[in-house]
Amino acid sequence: MSSVMAELMKQKIAEALRAVAWQGADIVTNGMVAGVTVGEGGKATVVLQIVPDKNADMDALRTQVEKAAGAVEGVASVAVVLTAHQPSAARAGYGSASQGPPQQRQAHGPQKIVLPGVKFVVAVASGKGGVGKSTTAVNLAVALAQMGLKIGLLDADIYGPSIPRMLGISGKPEAREDKKLIPHERYGMAVMSMGFLVPEDTPMVWRGPMVHSAITQLFRDVDWGVRDILVVDLPPGTGDAQLTMAQSAPLSGAVIVSTPQDIALIDARKGIAMFEKTGVPVLGVVENMSMFVCPHCGTQSDIFGHGGARTEAEKLGAPFLGEVPLDIAIRIKSDEGVPMVLAEPGGAVSGHYKEIAEKLWQALNV
Ligand code: ADP
């Protein structure tokens, strides 16, 4: 079993454990599930932190946990380990990692992952969803590959992976003998996404430590080989997953994508602040859906305003990498699985992406 599959089973077990009630709440919500592991042949171990109480029926609890976890597909056996309760601040159990301030989580924070063959790891981030972060990540990655660079593209948007569709790829990746997953090859890039590992319509509910291990595995348990840049499409926002990424992935820097209107810029600002706090350099800001050029009459309309991201970047002292217009062809080609820089390599839109790619490469090499 690949470690990513094991991770998915762990997630399902943790979900199933929500059905086990203990002293007024389910055992996940009340933070008792300290760990879940799945080994070879579907052997699961559930670690529970309990407050010793001689009146409590621990055997009944153990039986319920065995039953709930044992009902998960692929689980062959369940071992339940009971440990004594620790002070909650030091605990990082399932369901509890989103509690407590970030500094605390950082103190117990994840180890940095090392990718020996990869020169630069660049996160493409946005303060909120729907601003075109994934579209930018894909086109930027292809534009960098067109410059002759060896590129990997990691879709780390574990909540809504869209890169498989944007590149027209599907199917489970193969695993090597040492269980490392072999990324798909597309348009000269190595591509990996959680979307290859789970069916498209499966809602992905990730909690606390599971986010960390899922993300870690997409980096570490994939054979990324030798790459100039690994472009990482982050989930939107500035929550736990992004923080985990900023803390544990070997990020060389981050690119922030925003639309020009104020409301998106507020979130973009939060994104910039998060990377700065975690010591990840902001390599630049991209303004997406910057202006709309009517395909019929050629008139330019600034639907979401224009230039807001550039001004904001200047205010915050972050480099401005460029702007991409709102162009229906970007959406159409993307839905067809062909990024715009490949569909219309000589077009104006591709020119924008190429300029951003060149600026990014320069920023990495100073
Ligand atoms: P995010 O990753 O920020 O959630 P996506 O990259 O998935 O956003 O883009 C959301 C939608 O907007 C997609 O349908 C995409 O094709 C479309 N889109 C993104 N950028 C542009 C653009 N510049 N012009 C037209 N459509 C765009």
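User: Before we start, what makes a residue near the ligand here?
Analyst: A residue is near a molecule if one of its heavy atoms lies within 4 Å of that molecule. Please note that this is a predicted model.

User: How many residues surround the ligand, and which are the closest?
Analyst: The ligand is surrounded by 16 residues. The closest are G130, K133, S134, T135 and P325.

User: How do the residues of that shell divide by character?
Analyst: Six are nonpolar, seven are polar and three are charged.

User: What does the backbone of G130 do there?
Analyst: A backbone N or O atom of G130 lies 2.8 Å from an oxygen atom of the ligand.

User: And what about V131 and G132?
Analyst: For V131, a backbone N or O atom is 3.0 Å from a ligand oxygen atom. For G132, the corresponding distance from a backbone N or O atom to an oxygen atom of the ligand is 2.9 Å.

User: How much of the ligand's accessible area does the protein cover?
Analyst: On its own, the ligand has 560 Å² of accessible area, and the protein covers 83% of it.

User: Which elements give two or more residues to the shell?
Analyst: These are helix 4 (133-146), strand 12 (282-293), strand 14 (320-326) and helix 10 (328-335).

User: Changing topic: where does K270 lie?
Analyst: K270 belongs to helix 8, which spans residues 262-277.

User: Why does K270 count as partly exposed?
Analyst: Its relative accessibility is 45%, and partly exposed covers the range between under 20% (buried) and over 50% (exposed).

User: How far is K270 from K128?
Analyst: Their C-alpha atoms are separated by 9.8 Å, although K270 and K128 are 142 residues apart along the chain.

Technical notes: Residues are numbered from 1 along each chain as its sequence is written. This is a predicted model: local features need pLDDT of at least 70, side-chain atom pairs count only at pLDDT 80 or more; totals for chains, interfaces and linings use all residues. Side-chain values use heavy atoms; hydrogens and water are left out. A polar contact is a pair of N or O atoms within 3.5 Å; within protein, one must be able to donate a hydrogen and the other to accept it, and residues adjacent in sequence count only if both atoms are side-chain atoms. Accessible areas come from the Shrake-Rupley method with a 1.4 Å probe; for residues, only the protein chains shown count as cover. Helices (H or I, at least four residues) and strands (E, at least two) are DSSP runs, numbered from the N terminus. Ala, Val, Leu, Ile, Met, Phe, Trp, Tyr, Cys and Pro count as nonpolar, Asp, Glu, Lys and Arg as charged, and the others, Gly among them, as polar. Buried means under 20% relative accessible area, exposed over 50%, partly exposed in between (1.4 Å probe, protein chains only).
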